[in-house]
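Here are some notes to read alongside the model, written for someone opening it for the first time. Take the points in order, with the structure beside you.

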Amino acid sequence: MKDIRSYTLAELTDEFKNELSLPAFRAKQVYKWLSEGVSSFDEMTNISKEMRNNLSNIYYISVATIEKKLVSVYDNTVKYLFSFADGEMVESVVMNYHHGYTICISTQVGCKMGCTFCATGQSGFSRDLRPSEMLAQIHSAQNDLGIRISNIVLMGMGEPLDNYDNVIRFLRLVSSDDNINIGMRHISLSTCGLVNRIYDLEKEKLQLTLSVSLHAPNDEIRSRTMPVNKRFPIDELLTACRKYAASTGRRISFEYAMISGVNDSDECARELAKRLKGILCHVNLIPVNPVKGTGYRKSAIERQQSFIRILGRQGITATVRRTLGSDIDASCGQLRRRHQEENDR
Ligand code: SAH
Ligand code: SF4
């Protein structure tokens with residue numbers, strides 16, 4: 001069976017013509033239904049029953065089925081646990097900011113990178129998601145909430161640049177005007193720092209926002225919490241970031257999860273400021289979300305303020321990210337992990 005949601009309209013039009021002898025307008029009709037988020041061929045009411053049957057013998061439509069849904073009582077943040085046809089599960093979160101709805105989607109089931117503070121990283125890796133499965137998360141949330149999503153962040157489970165080809169295809173599909181049509185300027189991609197892939201991404205010349213999960217000012221601390229740093233040390237990563245920002249003209253957003261006693265001293269802030277000097281960037285400070293078993297605790301507010309002051313003095317803007325959905329384990333990987341634990345009992 002073929003994965004019809006992962007096609008571009010041009011590819012579907014070609015295949016309909018060459019393999020099924022169907023005219024271009026049929027491909028267009030089917031594609032329109034898919035872009036509106038249908039989950040079966042039977043919903044395509046302007047296509048004959050016979051043709052719908054034929055199509056469903058050749059193609060399948062990826063869907064993300066809601067297994068669990070949690071709504072924050074504080075801010076209406078919604079967290080979903082979705083399952084796919086093979087039973088694998090991922091998380092997505094929908095946040096309501098002033099400028100519309102933002103969805104945080106997953107790009108892999110699990111993650112290979114093993115960051116010590118991350119619930120996903122601690123649960124291992126199952127498989128990559130297909131482009132259709134990334135789109136399906138958006139469709140399911142939109143259909144369930146009766147809303148249009150306007151912004152996407154690739155900050156759910158998984159390392160997007162470790163699933164490079166599927167993620168690039170997803171980005172091209174979701175931003176295309178015959179598909180969901182969310183522009184690149186409304187999309188952020190977050191990476192733990194796969195340097196070779198940052199160079200590849202630079203060549204794609206996309207207008208998206210690159211977020212880099214830095215979380216430490218030097219190799220010693222970073223290698224302790226992020227194993228990927230042993231493969232791509234901080235100097236190489238920041239060189240790639242500097243080039244990326246210069247060649248795309250897009251500001252890089254550095255994520256820095258503040259962990260009490262690990263990476264939040266004034267000395268860390270000064271070292272960070274020195275390293276980031278001259279890079280077109282913004283720093284997002286995030287109080288670390290305590291994950292069971294890690295022993296990490298959030299930094300005190302006073303530490304956050306001190307970081308903002310020290311970075312600011314060197315001309316680097318830093319803000320503390322507003323944490324949404326703190327009552328529903330909104331940080332990635334925590335819900336699936338709890339679900340697995342409950343099922344293991
Ligand atoms: N793999 C990518 C994207 C998914 S993780 C990456 O690492 O960038 C999305 C973000 O959540 C990253 O910045 C990651 O470092 C952060 N994160 C993971 N666990 C966290 C936790 N317990 N508290 C705060 N941020 C966390
Ligand atoms: Fe993977 Fe990102 Fe979690 Fe690290 S923080 S383990 S890269 S999902």
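1. A word on terms to begin with: contact means heavy atoms within 4.5 Å. Axes are lines fitted to C-alpha atoms, for helices over the stretch in contact, and angles run from 0 to 180 degrees between N-to-C directions. Helices (H or I, at least four residues) and strands (E, at least two) are DSSP runs, numbered from the N terminus. With that in hand, look at helix 6 (residues 164-175): it lies across strand 9 and strand 10, at about 170° to strand 9. Helix 5 (residues 131-145) lies across strand 3, strand 4 (78-83), strand 5, strand 6 and strand 9, and runs at about 125° to strand 4.

2. Some housekeeping. This is a predicted model, where local features need pLDDT of at least 70 and side-chain atom pairs count only at pLDDT 80 or more, while totals for chains, interfaces and linings use all residues. Residues are numbered from 1 along each chain as its sequence is written, chains are lettered from A and ligands numbered from 1 in the order in which they are written, and side-chain values use heavy atoms, with hydrogens and water left out.

3. Now the sheet. Two strands pair if DSSP finds at least two bridges between them. Ten strands make an open sheet with mixed pairing, in the order 3-4-5-6-9-10-11-12-13-14. Its edges are strand 3 (65-71) and strand 14, each of which pairs on one side only. On average, neighbouring strands of this sheet are turned by 25° against each other, direction ignored.

4. Strand 6 is a good place to see the mixed pairing. Strand 5 (residues 89-97) joins strand 6 through five bridges, and the two run antiparallel. They form a hairpin with two residues between them, and Tyr 97 stands opposite Gly 100 in strand 6. Strand 6 also pairs with strand 9 (residues 149-154), this time in the parallel sense, over four bridges; there, Thr 102 stands opposite Asn 151. Moving on, strand 9 runs parallel to strand 10 (residues 187-191), joined by three bridges, with Val 153 opposite Ser 188.

5. How covered is strand 6? Mostly: four of its five residues are buried, where buried means under 20% relative accessible area, exposed over 50%, and partly exposed in between (1.4 Å probe, protein chains only). Thr 107 sits in the loop between strand 6 (100-104) and strand 7 (108-110), and counts as buried at 1% relative accessibility. Leaving aside residues up to four places away in sequence, what Thr 107 touches includes Asp 128, Leu 129, Met 134, Pro 160 and Val 167.

6. Which residues of helix 12 are buried? They are Arg 303, Gln 304, Ser 306, Phe 307, Ile 310 and Leu 311. Seen down the helix axis, these fall within an arc of 165° (taken from the directions from the axis to the C-beta atoms), so they line one face of helix 12. Ile 301 and Arg 313 are exposed on the other side. The cover over the buried residues includes strand 12 (252-258), helix 11 (266-276), strand 13 (281-287) and strand 14 (318-320).

7. The length of helix 12 (residues 301-313) also checks out. The expected span is 1.5 Å times one less than the number of residues; for its 13 residues that gives 18 Å, and the end C-alpha atoms are 19 Å apart, which agrees. After helix 12 comes Gly 315, whose phi is positive, near 80°.

8. Lastly, charges. The structure holds 18 salt bridges, each being a side-chain nitrogen of Lys or Arg within 4 Å of a carboxyl oxygen of Asp or Glu. Lys 2 forms one with Glu 15, the closest N and O atoms being 3.3 Å apart. This pair links distant parts of the chain, 13 residues apart: Lys 2 is in strand 1 (residues 2-3) and Glu 15 in helix 1 (residues 9-20). Lys 2 is partly exposed at 29%, whereas Glu 15 is buried at 13% relative accessibility. A salt-bridge network links both of them with Glu 19.

9. One more pair to look up: Arg 197 and Asp 200, with closest N and O atoms 2.8 Å apart in their salt bridge. Both lie in helix 7 (residues 195-204), three residues apart, about one turn of the helix.
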